Amino acid sequence: MWATADETREEIVGLYRRAIAHADTTIAAVALDEVGRVPWWGDAAVTLHRVLVHVIAETQRHAGHADIVRELIDGAAGLLPRNDNLPPRRRVMVAGLPPASGAGCPRRQQTQQLGQDGWRTGPP
C-alpha cells in the first residue's frame, strides 16, 4: 500500500480495511500450494504460501520500524515494564543510540516533540 500526501486518514484506513477483507477472502478460498502470479515480482509463478510469508515478513519489518521509534521516545523495550527479555548490552543501546534516561533527556524530548508535531500537522 502506498499513500499520497493528499489522502485523508479515513481514506487510508478504509483502503487498508478493504485490503484485509480481500486477503481474508482469498486465504479462505485458495489452498496454500495454489500457484498465482505477482506481476511486480517479475511475473514468476508463486504459491499463496510464499505470498503470505512475504507479507508477514514485510509487516514484521515495518512494525519493527515503529517499535524503534517508540523505543526512542520512552527508552522502553520488550513487553513488560520490569522484564524486557533483552540481554544487558541491549539495554545500554537502543537502535544504535545511547539510552534515553528520564523525562529530561534532550533526545527523548526532541523525539517526542517531532512525534507530536507530525501528529498535528500530518505528512510534509
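Q: What is the relative accessibility of Ala44, which counts as partly exposed?
A: In this predicted model, local features need pLDDT (the predictor's confidence in each residue, from 0 to 100) of at least 70, side-chain atom pairs count only at pLDDT 80 or more, and totals for chains, interfaces and linings use all residues. Residues are numbered from 1 along each chain as its sequence is written, and side-chain values use heavy atoms, leaving out hydrogens and water. Ala44 sits in the loop between β1 and β2; helices (H or I, at least four residues) and strands (E, at least two) are DSSP runs, numbered from the N terminus. Partly exposed falls between buried (under 20% relative accessible area) and exposed (over 50%), using a 1.4 Å probe and protein chains only, and Ala44 comes in at 36%.

Q: Which residues does Ala44 contact, leaving aside its neighbours within four places in sequence?
A: A contact here is heavy atoms within 4.5 Å. With the sequence neighbours set aside, Ala44 reaches across to Gly36, Arg37 and Val38.

Q: Which residue has a positive phi although it is not a glycine?
A: Look in the loop between β1 and β2 (45–47). The residue there is partly exposed, with a relative accessible area of 41%. Its phi is about 60 degrees, and the residue is Asp43.

Q: Is Val35 buried or exposed?
A: Val35 lies in strand β1 (residues 35–37) and touches Ala45, Val46 and Thr47, not counting residues up to four places away in sequence. Still, those contacts leave Val35 with a relative accessible area of 54%. That value makes Val35 exposed.

Q: How far apart in space, C-alpha to C-alpha, are Val35 and Thr47?
A: Thr47 is one of the residues that Val35 touches. In sequence, Val35 and Thr47 are 12 residues apart. In space, the C-alpha distance from Val35 to Thr47 is 4.3 Å.

Q: Which residue forms a salt bridge with Arg61?
A: The structure holds 1 salt bridge, meaning a side-chain nitrogen of Lys or Arg within 4 Å of a carboxyl oxygen of Asp or Glu. Its closest N and O atoms are 3.8 Å apart, and Arg61's partner is Glu58.

Q: Why are Arg61 and Glu58 separated by about one helical turn?
A: An α-helix has 3.6 residues a turn, so residues three or four places apart point the same way. Neither side chain is tucked away: Arg61 is partly exposed at 45%, and Glu58 is partly exposed at 30%. The turn's worth of spacing arises because both sit in helix α2 (residues 48–74), with a separation of 3 residues.

Q: What distance does α2 reach from its first C-alpha to its last?
A: The expected span is 1.5 Å times one less than the number of residues. For the 27 residues of α2, 39 Å is expected, and the model's α2 is close to that, reaching 39 Å.

Q: Which residues in α2 are buried?
A: Buried residues make up 10% of the 124 residues in the protein. Within α2, they are Leu48, Glu71 and Leu72.

Q: Which residue follows α2?
A: Just past the helix, phi turns positive, near 75 degrees. The residue carrying that phi is Gly75.

Q: What pattern does the protein follow along the sequence?
A: The secondary structure comes to 4 helices and 2 strands. Read in order, they go α-β-β-α-α-α.

Q: How many contacts beyond four places in sequence does the model have for residues 119–124?
A: The protein averages a pLDDT of 75, with 61% of the residues scoring at least 70. Where pLDDT is low, the predicted coordinates should not be read in detail. Residues 90–96 stay under 50 and have 12 such contacts. Residues 119–124 also stay under 50, and their count is 4.
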